[in-house]
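Grab a pencil and open the viewer. Below are some short exercises, each with a solution that goes step by step.

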Amino acid sequence: MKIAAVASQLYQIPPTVSWEDATHRVANLEFIVTRITTDSGIVGVGFAYTTGIGGSAILALIDDYCGAMLIGRDPRQIERLWSFLHGQLHRSGTGGINTLALSAIDIALWDITAKSLGTPLHQLLGARRDSIPTYGSGIDLFLSKDELVAEVEGWLAEGHNAVKVKIGRDTAEDDLDRLLAVRKLIGPRRRLFVDANQRWSVPECMTRLQALSVVDIGWIEEPLHAEDIRGHADLRNLTRLPIALGESLYTRHQFADYLQANAVDFVQADVCRVGGISEWMKIANLAAAFHRPMAPHYLSEISVSVMCAIDNADILECVRGGSFTEMGALKSPLRMENGHAFPFDAPGHGVDFDDDRLAPYLIDPLTLRDRNLASAK
Ligand SMILES: [Mg+2]
């Protein structure tokens, strides 16, 4: 089997609900959908995303540069192709846009390989379990307390047995008030996670966490700048709260540095940001060697398959307003029952985009500049 063509499309889609945390407001998500066509007729689908920055650059890296390097290659030699492309892309940076581009290709290669074998992705990766527990997750710092409680009620009605809300309002009292309301609603047994989106320094964080100490919290996510490994290690020594992070890390080496520094408890590698399924699995194994569980960032429809294939899976994030399923982007939605998500049964990874429903959001990269200029006015 040989690769015959590589072609990507860019979509700009607003989340179905407003998104705002302690450091960002997200107006549009960008999705880069890459199709790799083979001479056997099998087409693999890969994808990457951004929260609004860099989509056209990622598309150009894939189609203008990587495509030419892939034509004629065997798509089933995933490790060989990953290493080769990573070596080329690495000359222009260690992670970020490069690894996002690599992810779209890697995911498409796994899709081709699984389809060629007639097997679902999680089986190909060595299925460890049939489903994975989920949590409802909100980008919800701007919501009033009543709106926040209504959001959490919605997750409980959907069956989630754990929830995550944003913290980092202007005062600690405000954060505490909101968390007490959420804890009261979900009861003592369900897990409650909080996410500060890199808002604080170590002293600020210690002050804030002391104010929240009466609330039972499962983890504090991204309390500090994502590159402050030493700060996270210090914080971990100073507080009893487990630390979750990884959505802002892009290479296995960054995860290795965090693990070796004893600076993270829950590892939240993002399948698209780290370079795809191949790299995510390596990071999961690295975390397992340090006895740390995986709780990946976002992308529930692809994360469900990799989570069902590892030994150290903890819980799957379901971000309100941003899943492919909620945005109506898929022909078959992610199956969720009783607080668990189930991997797709179809051969391949099963993330089957509905082109007709996505058509209104298709963007010509050449017109993106005009569109961004117009929206900035
Ligand atoms: Mg987060």
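Two strands count as paired if DSSP finds at least two bridges between them. Helices (H or I, at least four residues) and strands (E, at least two) are DSSP runs, numbered from the N terminus. Residues are numbered from 1 along each chain as its sequence is written. What you have here is a predicted model, where local features need pLDDT of at least 70 and side-chain atom pairs count only at pLDDT 80 or more, while totals for chains, interfaces and linings use all residues.

**Exercise 1.** Find the pairing partners of strand E1 (residues 3-13).

*Solution.* Start with strand E4 (residues 29-38): E1 pairs with E4 in the antiparallel sense, over 10 bridges. To locate that pairing on screen, click on Ile3, which sits opposite Thr38 in E4. Next, go to strand E15 (residues 362-363), which runs antiparallel to E1 and is joined to it by 2 bridges. Here Leu10 has Ile363 as its bridge partner.

**Exercise 2.** Work out how the two domains of the protein chain meet.

*Solution.* First, get the bounds, which come from an automatic or database domain assignment. Domain 1 covers 3-119 + 354-376, and domain 2 covers 123-342. Their C-alpha centres are 24 Å apart. Now count the contact, taking two residues as touching if their C-beta atoms, placed from the backbone, lie within 7 Å. Domain 1 puts in 36 residues and domain 2 puts in 32. On the domain 1 side, the elements that each supply at least two residues are strand E2 (19-20), strand E5 (43-50), helix H2 (78-89), helix H3 (97-117) and helix H12 (355-358). H3 gives the largest share of that side, with 10 residues.

**Exercise 3.** Check the length and surroundings of helix H3.

*Solution.* Begin with the length: H3 has 21 residues and spans 31 Å from first C-alpha to last, close to the 30 Å expected at 1.5 Å a residue. That expected span is 1.5 Å times one less than the number of residues. Then look at burial, where a residue is buried if 20 or more other C-beta atoms lie within 10 Å of its own, exposed if 12 or fewer, and partly exposed in between, with C-beta atoms placed from the backbone. In H3, 19 of the 21 residues are buried, so the helix is largely enclosed by the rest of the structure. Finally, step past the end of H3 to Gly118, which has a positive phi near 70 degrees.

**Exercise 4.** Map what surrounds strand E6 (residues 132-137).

*Solution.* Take the parallel partners to begin with. Strand E12 (residues 316-319) is joined to E6 by 4 bridges, and Tyr135 stands opposite Glu317 there. Strand E7 (residues 162-166) also runs parallel to E6, with 2 bridges, and Ser137 has Lys164 as its bridge partner. Now the antiparallel one: E6 pairs with strand E14 (residues 340-342) over 2 bridges, where Ile132 partners Ala341. As for burial, 5 of the 6 residues of E6 are buried, so the strand is largely enclosed by the rest of the structure.

**Exercise 5.** Look up the phi of Gln198 and of Leu299.

*Solution.* Gln198 is in the loop between strand E8 (191-195) and helix H7 (202-211), and its phi is positive, near 65 degrees. Leu299 is in the loop between helix H10 (277-289) and helix H11 (300-307), with a positive phi of about 50 degrees. For context, most residues other than glycine have a negative phi.
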